[in-house]
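Visitor: I'd like a quick walk through this one. Could you take my questions as they come?

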Amino acid sequence: MTNPKPKDKKKVPLNLSTENLIKYGLLILFAALLDVAVVLGKELSLELVTGIYFIVALLLVIMYKDFIRYNPEIKKDYKMLVLIGTLLTGNLLIGRIFFFIIEGFTKWVGTVDPVLVAYAVPLASGPMLVALLIDIHTAIVFTVLTGLIAGLWLSNPLYSIFVFAAGLTGAFGVISCRKRSAIWRAGLAVSLVCVFTSLVITLSKGELLSIASLVASSSAFLNGIIVVTLVSALLPLFEYMFKRTTNISLLELLDLNQPLMRELLVEAPGTYHHSIIVGNLAEAAAEAVGVNPLLARVSAYYHDIGKIKMPDYFIENQIASVSKHDNLAPRMSSLILLSHVKEGVELAKKHNLPPMIVDIIQQHHGTSIQTFFYQKAKEQQDNITLLREEDFRYPGPKPQTRVAALVLMADAVEAASRVLTDTSPARVSLLVDRIINHCIIDGQFDNCELTLKDLREIKTHFVYLLTSMYHKRINYPGFDINNENIDKKPAKAATPR
Ligand SMILES: [Fe+2]
Ligand SMILES: [Fe+2]
């Protein structure tokens, strides 16, 4: 039998599906808003308004094409398109309103050229917000577009360069931003770059040693301060409205004094320590494969919070030698274990954890099978045909992102390493290999984009960290720690004479 040939998709020149209609609608809307931002305050004519409209629409289409090539998921993520469009138009409109106010003020003072105070217009706030909320690639393209449109507005190509320099400095300044105070450092860098660029521009015009140069550089210095104020005020608003998670909010969740982590420590101390180790493993592997290490660590910290409800049923929290599962049917034990994923998701939503972390909690076991209880059920059941493998599988879904897959692997490897008696690097390596290969064969990574190179890097880092964790120490001289009877010897206390 031959394999059926995949059907060729017919390309329709103008496909008016709902998806495309939404995209065209967004393009028309944002192009109109940007048109307003450019022509506002100019002598209006139909030619000018139409011409600028088509220029900005063309720029938006180019930007969209780049985004879908770089990040194909954006194609169906209208929320992301709305976020980028809102930031682009909002940034330029705020800039124009700001310019309108200071232009009025300078006209009132009467001695300053309003064009010089355009150097204070905070157009770098958009690129900074994009770098914080989305990623640096999007921020770079966003900055190019902002610079071009700002140049159109003032009909001045040098101003495009000024906006480009300020925007890129702001975006790169917050790339690895892990504290809100780091935004202020980036703002200072924006101020310095703005001053330098404004001086270079005045130099190119032959006005370096003039009052114009002083006004331009003072305005440019103010630029960074206004940018930081705007970014600090708007960032929490965008995080909330578009449910975006920045490194700053992840860092706040990393604090082990968070109520949920404290509850985990008190209720399920074994799970708490397991989660910390999973965090170390996931973070190291995330750095190696180029995904967000902070997201990996935070998700690992919270992946098992569902165990808070019934901690004693999970082996890492069992202190007594008798297991709670001894008197339960395997199916019942399996149901209790399965429930920790659902409970975890509910608890995470209740505590307003970011959606990315809720998803990873949901996916951290994928659709893997609880082998122990499935085998036990098989041994106990007389009629094996009544036993369904699906009943012992986690509900999934399988990991949808590389970070979720990393947490799944780190979790499985950490749990399995607990049974090792020989913790030599060779044995640990064998164990890591077996666990990860089993996940691949079971199809757990079918929905995420892990490469074989990624898997090799992940294995190397897991083996290195686990062997370091189970390292042996030499006995302390004078303390025979391995001798159980040492404390039972009668103490040779000096008797008073
Ligand atoms: Fe779990
Ligand atoms: Fe776990």
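Guide: Happy to; we'll go from the whole chain down to single residues.

Visitor: Let's start with the basics: how many helices and how many strands does the chain have?
Guide: Keep in mind that this is a predicted model. There isn't any strand to look for, as the strand count is 0. What the chain does have is helices, and their number is 18.

Visitor: What is the radius of gyration of the chain, set against a compact globule of 497 residues?
Guide: The C-alpha trace spans about 95 × 90 × 40 Å along its principal axes. For a compact globule of 497 residues you'd look for a radius of gyration near 23 Å, but the chain has 30 Å.

Visitor: What percentage of the residues in the chain is buried, and what share of the contacts joins residues at least 24 apart?
Guide: Of the 497 residues, buried ones make up 38%. For the contacts, take the pairs at least 6 apart in sequence; the share joining residues at least 24 apart is 72%.

Visitor: How many residues of domain 1 are in contact with domain 2, and how many of domain 2 are on the other side?
Guide: The domain assignment puts domain 1 at 18–244 and domain 2 at 248–469. Their C-alpha centres lie 44 Å apart. Where the two touch, domain 1 brings 6 residues and domain 2 brings 4.

Visitor: And by class, what is on the side of domain 1 that touches domain 2?
Guide: No polar residues turn up on that side of domain 1. There is 1 nonpolar residue, and the charged ones number 5.

Visitor: On to α18: what span should this helix have at 1.5 Å a residue?
Guide: α18 covers residues 452–469, which makes 18 residues. Its end C-alpha atoms are 26 Å apart, and that agrees with the expected span of 26 Å.

Visitor: Why do the buried residues of α18 line one face of the helix?
Guide: The buried set is Asp454, Ile458, His461, Phe462, Leu465 and Leu466. In an α-helix there are 3.6 residues a turn, so residues three or four places apart point the same way. Looking down the axis of α18, the buried residues line one face because they fall within an arc of 125 degrees.

Visitor: What covers those buried residues of α18, and which exposed residues are on the face turned away?
Guide: The cover includes α11 (269–289), α16 (402–417) and α17 (425–441). Turn to the face away from the buried side of α18 and you'll find the exposed residues Leu452, Lys453 and Ser468.

Visitor: Is Gln363 buried or exposed?
Guide: Gln363 lies in helix α14, whose buried residues are covered by elements including α12 (293–302), α13 (330–350) and α16. The cut-off for a buried residue is 20 or more other C-beta atoms within 10 Å. Gln363 has 27 of them, so it is buried.

Visitor: Which residues does Gln363 touch, leaving out those up to four places away in sequence?
Guide: Leu281 is 82 residues from Gln363 in sequence, with 17 Å between the C-alpha atoms. The residues that Gln363 touches are Pro397, Lys398, Pro399, Gln400 and Ala404.

Visitor: Pro397 again! What kind of peptide bond joins it to Gly396?
Guide: Pro397 is in the loop between α15 (371–380) and α16. Most peptide bonds are trans. With omega at about 5 degrees, though, the bond joining Gly396 and Pro397 is cis.

Visitor: What is phi of Ser155, and is the residue buried or exposed?
Guide: Ser155 is in the loop between α5 (136–154) and α6 (157–173). Its phi is positive, near 50 degrees, and the residue isn't a glycine. With 9 C-beta neighbours inside 10 Å, Ser155 counts as exposed.

Visitor: Where is Lys243, and what is its phi?
Guide: Lys243 is exposed, since 12 other C-beta atoms lie within 10 Å. You'll find Lys243 in the loop between α8 (211–241) and α9 (247–253). Phi of Lys243 is positive too, near 50 degrees.

Visitor: Last one: how far apart are the C-alpha atoms of His273 and Tyr301?
Guide: His273 belongs to helix α11, and it is partly exposed because 15 other C-beta atoms lie within 10 Å. Tyr301 is 28 residues away along the chain, and the C-alpha separation is 9.2 Å.

Definitions and conventions: Residues numbered from 1 in each chain as written. Chains lettered and ligands numbered in written order. Predicted model: local features only at pLDDT ≥ 70, side-chain atom pairs only at ≥ 80, totals over all residues. Helix = DSSP H or I, 4+ residues; strand = E, 2+ residues; numbered from the N terminus. Expected span 1.5 Å × (residues − 1). Arc of directions from axis to C-beta. Contact = placed C-beta atoms within 7 Å. Domains from an automatic or database assignment. Nonpolar A, V, L, I, M, F, W, Y, C, P; charged D, E, K, R; others polar. Rg over C-alpha atoms; globule rule 2.2 N^0.38 Å.
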